[in-house]
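Me: I would like a close look at a single part of this protein, taken slowly. Please explain each term when it comes up, and then follow the part out to what surrounds it.

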Amino acid sequence: MTEGTTSAAAEGADTLSRLEQEGEIAADYLEGLLDIADLDGDIDMDVEADRAAVSIISDSGGRDLQKLVGRDGEVLEALQELTRLAVHRETGDRSRLMLDIAGHRAKKRAELSELGAKAAADVKSSGEPVKLRPMTPFERKVVHDAVKAAGLRSESEGEEPQRFVVVLPA
């Protein structure tokens, strides 16, 4: 191995180790939260796309965990920010950790991928740009990825919280 590949491998291992540490800190924080709320759930940790990913899952169908998702995932978004703050407090570094509860975010990702692919197909057939409804940063990222996979490009326009995706012709 050359010196460049050795340092790249070491940097990759350091990043993976840092993300695993973020996941462990987040899991401890969330376990404490579940205990306080007297909710049952198992914590699953992973690293996806250079981010720590933590999921709270339930064997009992997750009906109790829906309280932690809230209407349109609002509580989930707030808990994700609180968890990121807990990680930041421990590590001193900003976290991009993703939190999923009862499969809500995974289901949402699938729906948004389908929306992005459909919008791309509409743009391909009409040749006209398509504007989508306002979305959260997570939602916009999923749609941008789906549009890119369909071979088109997209942009975000507007100001938060009314920021939306525009799918553009090739």
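How many residues lie between β1 and β2 in the hairpin that they form, and which residue in the turn has a positive phi?

Reply: There are 2 residues between β1 and β2 in this hairpin, and Ala49 in the turn is the one with a positive phi, of about 50°. Some ground rules come before the details. The model is predicted, so local features need pLDDT of at least 70 and side-chain atom pairs count only at pLDDT 80 or more, while totals for chains, interfaces and linings use all residues. Residues are numbered from 1 along each chain as its sequence is written, and side-chain values use heavy atoms, with hydrogens and water left out.

The names come from DSSP runs: a helix is a run of H or I of at least four residues, a strand is a run of E of at least two, and both are numbered from the N terminus. Two strands are said to pair if DSSP finds at least two bridges between them. In general, strands of a sheet pair through backbone hydrogen bonds, either parallel or antiparallel.

Start with the two arms of the hairpin. Strand β1 covers residues 42–48, and 7 bridges join β1 to β2 in an antiparallel arrangement. One of the pairs can be named: Asp46 has Ala53 of β2 as its bridge partner.

Strand β2 also has strand β3 (residues 98–101) as a partner. Here 4 bridges are found, and β2 and β3 run parallel. Ile56 is paired in this direction, with Ile101 in β3 as its bridge partner.

How well covered is β2? It is mostly covered, with 5 of its 7 residues buried. The words follow relative accessible area: buried means under 20%, exposed means over 50%, and partly exposed lies in between (1.4 Å probe, protein chains only).

Ile57 belongs to strand β2. Ile57 counts as partly exposed because its relative accessibility is 41%. If neighbours within four places in sequence are set aside, Ile57 is in contact (heavy atoms within 4.5 Å) with Gly41, Asp42 and Leu65. Leu76 is 19 residues from Ile57 in sequence, and the two C-alpha atoms are 13 Å apart in space.

What does Glu22 touch beyond its sequence neighbours? Outside the four places on either side, Glu22 is in contact with Ala52, Val87, Arg94, Ser95, Arg96 and Leu97. Glu22 sits in helix α1, which spans residues 3–37. With 2% relative accessibility, Glu22 counts as buried.

Now move to the other sheet with a hairpin. An open sheet of 3 strands has the order β4-β6-β5, and its pairing is antiparallel. At the edges are β4 (130–134) and β5 (153–157), each of which pairs on one side only. From one strand to the next, the twist averages 20°.

Between β4 and strand β6 (residues 164–168) there are 3 bridges, and these two strands run antiparallel. Lys131 stands opposite Val166 in β6. Helix α4 (residues 104–126) packs on the sheet and touches β4 and β6; the direction of α4 makes about 155° with that of β4. Such angles run from 0 to 180 degrees between N-to-C directions, with axes taken as lines fitted to C-alpha atoms, for helices over the stretch in contact.

On the other side of β6 in the strand order comes β5. The link between β5 and β6 consists of 5 bridges, and the strands run antiparallel. Ser154 stands opposite Val167 in β6. Like β1 and β2, which have 2 residues between them, β5 and β6 form a hairpin, here with 6 residues between them. Gly158 in the turn of the β5 and β6 hairpin has a positive phi of about 90°.

A further helix belongs to this picture. Helix α5 (residues 137–149) lies across β4, β5 and β6 and runs at about 160° to β5.

One residue of helix α4 is worth placing as well: Ala117. Is Ala117 buried or partly exposed? Ala117 counts as partly exposed, because its relative accessibility is 37%. The C-alpha atoms of Ala117 and Asp145 are 9.4 Å apart in space, although the two residues are 28 apart in sequence.
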